[in-house]
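Here is a briefing on one protein chain. Please look over the sequence and the model before reading on.

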Amino acid sequence: MLSFYFGNDFKPNHKQIHMNKYKIGDKLNEGIVFFIDASNEHGMIVSPQDLTGTADWDEAVQICIDYRAGGFDDWRLPTIEELNMVFENKNQIGNFTSFSYWSSTQYAEHFAWFKNFVNGLQDNDFKDNTCYVRAIRSF
């Protein structure tokens, strides 16, 4: 074992010693980490695969509510901002279809936002149209 002498004034500040507990792309609680907060203790995970083929918006919301993985029942459809973070980290997450994904963000009564996972464009569409679905949850 190595020992170092720092003199009488050395007092380590354990708050300054920061170990990265999580990183984008880590598997956690049957999901994949796509966001980590500044504390590096909390963040968000996304389901590792699409939850179904395509679904209309109402079906997508329900599919996420019904999703159970990792012993958790608080999975949900991501907001458009959260879906943007998923898209930005799609290469570390993997298994995305080259198509659009629903967000929970509504534009109007009959419209909701989606994100195209081919070119990154986002727009709103009739909720009766279909997109792919991924669920997210906080940890």
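The points below go from the whole chain to its sheet, its helices and one buried residue.

This is a predicted model. The chain holds three helices and seven strands. From the N terminus, the order is β-β-β-α-α-α-β-β-β-β. The notes centre on an open sheet of three strands and the helices that lie across it.

**Whole chain**

- The chain has 139 residues, and 39% of them count as buried.
- Among contacts with a separation of 6 or more, 57% link residues 24 or more positions apart.
- The exposed surface comes to about 8,700 Å². Carbon and sulfur atoms supply 50% of that area.

**The open sheet**

- The strand order is β4-β5-β6, and the pairing is antiparallel.
- Strands of a sheet pair through backbone hydrogen bonds.
- β4 (100-108) and β6 (122-126) are the edge strands. Each has a single partner strand, so one side of each lacks a neighbour in the sheet.
- From one strand to the next, the twist averages 35 degrees.

**Strand pairs and turns**

- Five bridges link β4 and β5, in the antiparallel sense. In this pair, Ala-108 sits opposite Phe-111 of β5.
- Two residues make the hairpin connection from β4 to β5.
- β5 covers residues 111-116 and is joined to β6 by five bridges, again antiparallel. Lys-115 faces Gln-122 of β6 across this pairing.
- The hairpin between β5 and β6 has five residues between the strands. Its turn includes Gly-120, with a positive phi of about 85 degrees.

**Helix α1**

- α1 spans residues 57-66 and lies across β4 and β5. Its direction is at about 110 degrees to β4.
- At the start of α1, a side-chain oxygen of Asp-56 comes to within 3.2 Å of the backbone nitrogen of Asp-58.
- Trp-57, Ala-60 and Cys-64 are buried in this helix. Viewed down the axis of α1, the buried residues fall within an arc of 55 degrees, so they line one face of the helix.
- An α-helix has 3.6 residues a turn, so residues three or four places apart point the same way.
- The cover over the buried residues of α1 includes β4 and β5. These are also the strands that α1 lies across.

**Helix α2**

- α2 is formed by residues 80-88. This helix lies across β4, β5 and β6.
- α2 runs at about 10 degrees to β5.

**Helix α3 and Ile-93**

- α3 covers residues 90-93, and Ile-93 belongs to it.
- Is Ile-93 buried or exposed? Its relative accessibility is 6%, so Ile-93 counts as buried; the cut-off for buried is under 20%.
- Which residues does Ile-93 touch, leaving out those up to four places away in sequence? They are Ile-32, Phe-34, Val-46, Val-86 and Arg-134.
- Phe-34, one of these contacts, is 59 residues from Ile-93 along the chain. The C-alpha atoms of the two are separated by 7.3 Å.
- Val-86, also touched by Ile-93, lies within the 80-88 span of α2.

How values were computed. Residues are numbered from 1 along each chain as its sequence is written. This is a predicted model: local features need pLDDT of at least 70, side-chain atom pairs count only at pLDDT 80 or more; totals for chains, interfaces and linings use all residues. Side-chain values use heavy atoms; hydrogens and water are left out. Helices (H or I, at least four residues) and strands (E, at least two) are DSSP runs, numbered from the N terminus. Buried means under 20% relative accessible area, exposed over 50%, partly exposed in between (1.4 Å probe, protein chains only). Contact means heavy atoms within 4.5 Å. Accessible areas come from the Shrake-Rupley method with a 1.4 Å probe; for residues, only the protein chains shown count as cover. Two strands pair if DSSP finds at least two bridges between them. Axes are lines fitted to C-alpha atoms, for helices over the stretch in contact, and angles run from 0 to 180 degrees between N-to-C directions. The arc is that of the directions from the helix axis to the C-beta atoms. A polar contact is a pair of N or O atoms within 3.5 Å; within protein, one must be able to donate a hydrogen and the other to accept it, and residues adjacent in sequence count only if both atoms are side-chain atoms.
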